[in-house]
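Me: I am new to this structure and would like a close look at a single part of it, taken slowly and with the reasoning spelled out. Please begin with the cysteine pair you find most useful as a starting point, and work outwards from there.

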Amino acid sequence: MPRYYEDKPEGGACAGVKEDLGACLLQSDCVLQEGKSPRQCLKEGNCQALKYSFFECKRSMLDARSRFRGRKGY
């Protein structure tokens, strides 16, 4: 499910996961058919796997062990 962009500059440690999460929310039935905002759909539980990946990526930025193991995410 990850998307890699060759021409796009790096936007930070978790930019890829964040972009995929936004795309997932915008393409979900909650936004397209029900007309809700992406934030409401995220709270209702859509795109849970990407939400968890984004959380783990952000948390790994604060974890001191990530200096040796590398950041989680892509």
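Reply: In this predicted model, C30 and C41 are both buried, and a disulfide joins the two, with a distance of 2.0 Å from S to S. The torsion about their S-S bond is about -90 degrees, so this disulfide is left-handed. The pair links distant parts of the chain, since C30 belongs to helix α2 and C41 to helix α3, with their positions 11 residues apart in sequence. As general background, a disulfide is a covalent bond between the sulfur atoms of two cysteines.

The two cysteines also take part in something wider, for C30 and C41 are members of the largest nonpolar core, which has 7 residues in all and also includes L21, L25, V31, C47 and L50. The elements that give two or more residues to this core are α1 and α2.

Helix α1 deserves a closer look at this point. The helix runs over residues 15–26, which makes 12 residues, and reaches 17 Å from its first C-alpha to its last, close to the 16 Å expected at 1.5 Å a residue. Its buried residues are V17, D20, L21, A23 and L25, and what covers them includes α2 (29–32), α3 (38–44) and α4 (48–62).

Among those buried residues of α1 is L25, and its surroundings lead back to the starting pair. Leaving aside neighbours within four places in sequence, L25 is in contact with V31, P38, C41, L42, N46 and C47, so that one of its partners is C41 from the disulfide described above. The backbone of L25 has a partner as well, because the side chain of S28 reaches the backbone oxygen of L25 at 2.8 Å. S28 is found in the loop between α1 and α2, and at 12% relative accessibility S28 counts as buried.

What other disulfides accompany the pair of C30 and C41? The count of disulfides comes to 3. C24 and C47 form one of them, with sulfur atoms 2.0 Å apart, and the torsion about their S-S bond is about -95 degrees, so this disulfide is left-handed. The pair of C24 and C47 links distant parts of the chain, with C24 in helix α1 and C47 in the loop between α3 and α4, 23 residues apart. The two ends fall into separate classes of accessibility: C24 counts as partly exposed at 24%, whereas C47 counts as buried at 14%. The limit that separates them is 20% relative accessible area, under which a residue is called buried. C47 is also one of the contacts of L25 and a member of the largest nonpolar core.

C14 and C57 form a disulfide too, with their sulfur atoms 2.0 Å apart, and with -95 degrees about the S-S bond their link is left-handed. C14 lies in the segment before α1 and C57 in helix α4, so the pair ties together parts that are 43 residues apart in sequence. C14 counts as buried at 5% relative accessibility, and C57 counts as buried at 1%. When the bonded cysteines of the protein are numbered in sequence order, the pairing reads 1-6, 2-5, 3-4.

Moving outwards from the cysteines, one comes to the charged side chains, where the count of salt bridges comes to 3. The side chains of K36 and E34 meet in a salt bridge at 3.3 Å from N to O, and those of E44 and K36 meet in another at 2.6 Å, so that K36 appears in both. E34, K36 and E44 are accordingly linked in a network of salt bridges. Within this network, K36 counts as partly exposed at 28% relative accessibility, while E34 counts as exposed at 53%.

The other salt bridge is found in helix α4, where R59 pairs with E56, the closest N and O atoms being 3.1 Å apart. Being 3 residues apart in helix α4, R59 and E56 are separated by about one helical turn. Their accessibility also falls into separate classes, since R59 counts as partly exposed at 45% and E56 counts as buried at 8%.

Notes
Residues are numbered from 1 along each chain as its sequence is written. This is a predicted model: local features need pLDDT of at least 70, side-chain atom pairs count only at pLDDT 80 or more; totals for chains, interfaces and linings use all residues. Side-chain values use heavy atoms; hydrogens and water are left out. Helices (H or I, at least four residues) and strands (E, at least two) are DSSP runs, numbered from the N terminus. The expected span of a helix is 1.5 Å times one less than its number of residues. Buried means under 20% relative accessible area, exposed over 50%, partly exposed in between (1.4 Å probe, protein chains only). Contact means heavy atoms within 4.5 Å. A disulfide is a pair of cysteine sulfur atoms within 2.5 Å. A nonpolar core is a set of buried Ala, Val, Leu, Ile, Met, Phe, Trp, Tyr and Cys residues joined through side-chain atoms within 4.5 Å. A polar contact is a pair of N or O atoms within 3.5 Å; within protein, one must be able to donate a hydrogen and the other to accept it, and residues adjacent in sequence count only if both atoms are side-chain atoms. A salt bridge is a side-chain nitrogen of Lys or Arg within 4 Å of a carboxyl oxygen of Asp or Glu.
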